[in-house]
Amino acid sequence: MNSGISRRARVLAAAVGTGVLVPLVAAATPAAAAPPAVTCTSAKAGLAAKLQKDITAALATRKGTVAVGLHDRSTNTTCTLRATSAYDSASVVKVTVLAALLWDAKKSNRYLTERENTFAKAMITKSDNAATSTLWKQLGMTKIKGFLTAAGMTQTKPGANGYWGLTQITVTDEQKLLKLLTAKNAVLSDNARAYVIKLMGQVVSSQRWGTPYGVPSGVTVAVKNGWLQRSTNGWRVHSVGAFKGGGHDYVMTVLTHGNSTMDYGIATIQAVAKVIHRDLAAS
């Protein structure tokens, strides 16, 4: 063979002779994995595609990492995005704390005490941290984990050492909790469910942002929000809500982190909520 032929050419020639396909150019660096897509299903014709398109568009220019859950019983519609991604709970865990308290009281066949009622109301309607810490400590990890097991919230990991705001939550589990609160089940009594929804409907006006944004008139709102800034992933800003009326009965969870400010996270959540309320109302 002519010694003037380069070693690379000889290798290529040999490879061709053996039927092995050798690329003539170096492989490009693999592109970054595409972000997860919003997925929707619905019994209502055209609704899933519209929601998927509109939620995707609402998030197209938003920074941070966003997880979304929607379920509408009336049209059997479900949408999810990053449903199993874990987020620091911040104050949305307060709904879980109250549900655990009510679940535990039911096991003992008792009503909440006046003291417990006072703490519960402050915890949900004003997002009172001291009241939450008192109830969290009263319940203890065994009862909190017992409730999570009963509720099937297997992805929720309670915060250690009293740090309830660092409980790890997912859209999947928050949606399970909201569904428990809004339909008859064996975990929570009808009275308990009504009590939680009532308090979530009495949240102070300054904390009624998030998932209720753009809700049509005549639709009842139950909401709980959470916000927390940490040195990594910036602001966590979350909102969970239950909505009923206008021919629909739906629950929504939007979890976010990596926000530059609390207001930025709120705007992201509200961009999602607005199109969900609009699309359901039009269906």
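This report describes the fold, cores, helices, hairpin and disulfide of one protein chain.

**Overview**

The model is predicted. The chain holds eight helices and eight strands. Of its 283 residues, 46% are buried. Among contacts with a separation of 6 or more, 65% link residues 24 or more positions apart.

**The disulfide and strand E3**

A search of the whole structure turns up one disulfide. It joins Cys40 to Cys79, with an S to S distance of 2.1 Å. The torsion about the S-S bond is about 115°, so this disulfide is right-handed. Cys40 sits in strand E1 (residues 39-41) and Cys79 in strand E3 (residues 77-81), so the bond ties together parts that are 39 residues apart in sequence. Both cysteines are buried.

Strand E3 also contains Thr77. Thr77 is buried, at a relative accessible area of 0%. The side chain of Thr77 makes a polar contact of 2.6 Å with that of Thr75. Beyond its neighbours within four places in sequence, Thr77 is in contact with Thr41, Ser42, Leu47, Leu51, Leu70, His71 and Asp72.

**Two nonpolar cores**

In soluble globular proteins, nonpolar side chains tend to be buried together. Here the largest nonpolar core has 47 residues. Leu98, Leu102, Phe147, Leu188 and Met200 touch the most other members. Elements giving two or more residues to this core are helices H3 (93-107), H4 (114-125), H5 (129-151), H6 (171-182) and H7 (190-200), together with strands E7 and E8 (248-259). H3 gives the largest share, 10 residues. Apart from this core lies another, of 31 residues. Its members include Ala58, Leu59, Val68 and Trp235.

Met200 shows what surrounds one of the core residues. Not counting residues up to four places away in sequence, Met200 touches Val95, Ile124, Leu178, Leu181, Arg208, Val221, Ala222, Val223, Lys224 and Val240.

Asp104 also lies in helix H3. Asp104 is buried, with a relative accessible area of 10%. Outside the residues up to four places away in sequence, Asp104 touches Leu139 and Lys143.

**Helices H4 and H8**

Two helices can be set side by side by length and span.

| Helix | Residues in helix | End-to-end C-alpha distance | Expected span |
|---|---|---|---|
| H4 | 12 residues | 16 Å | 16 Å |
| H8 | 21 residues | 31 Å | 30 Å |

For H4, the distance agrees with the expected span at 1.5 Å a residue. For H8 (residues 262-282), the reach is close to the expected value.

The buried residues of H4 are Glu116, Ala120, Ala122, Met123, Ile124 and Thr125. They pack against H3, H5, H7 and E6. After H4 comes Ser127, whose phi is positive, near 60°.

An α-helix has 3.6 residues a turn, so residues three or four places apart point the same way. In H8 the buried residues are Gly265, Ile266, Thr268, Ile269, Gln270, Val272, Ala273, Val275, Ile276, His277, Asp279 and Leu280. What covers them includes helix H2 (47-59), strand E2 (65-72), E7 and E8.

**The E6-E7 hairpin and Arg236**

Strand E6 (residues 220-229) and strand E7 (residues 235-245) pair in the antiparallel sense, over 10 bridges. Thr220 stands opposite Lys244 in E7. Five residues lie between the two strands of the hairpin. Asn233 in this hairpin takes a positive phi near 60°.

Arg236 lies in strand E7. Is Arg236 buried or exposed? At 3% relative accessibility, Arg236 counts as buried. Which backbone oxygens lie by a polar atom of the Arg236 side chain? The backbone oxygen of Asn233 lies 3.3 Å from such an atom. The backbone oxygen of Gly234 lies 2.9 Å from one.

Arg236 and Gly226 are 10 residues apart along the chain, and their C-alpha atoms are separated by 7.7 Å. Gly226 is also one of the residues that Arg236 touches, leaving out those up to four places away in sequence. The others are Asp88, Trp227, Leu228, Arg230, Thr256 and His257.

Notes. Residues are numbered from 1 along each chain as its sequence is written. This is a predicted model: local features need pLDDT of at least 70, side-chain atom pairs count only at pLDDT 80 or more; totals for chains, interfaces and linings use all residues. Side-chain values use heavy atoms; hydrogens and water are left out. Two strands pair if DSSP finds at least two bridges between them. Helices (H or I, at least four residues) and strands (E, at least two) are DSSP runs, numbered from the N terminus. A disulfide is a pair of cysteine sulfur atoms within 2.5 Å. Buried means under 20% relative accessible area, exposed over 50%, partly exposed in between (1.4 Å probe, protein chains only). A polar contact is a pair of N or O atoms within 3.5 Å; within protein, one must be able to donate a hydrogen and the other to accept it, and residues adjacent in sequence count only if both atoms are side-chain atoms. Contact means heavy atoms within 4.5 Å. A nonpolar core is a set of buried Ala, Val, Leu, Ile, Met, Phe, Trp, Tyr and Cys residues joined through side-chain atoms within 4.5 Å. The expected span of a helix is 1.5 Å times one less than its number of residues.
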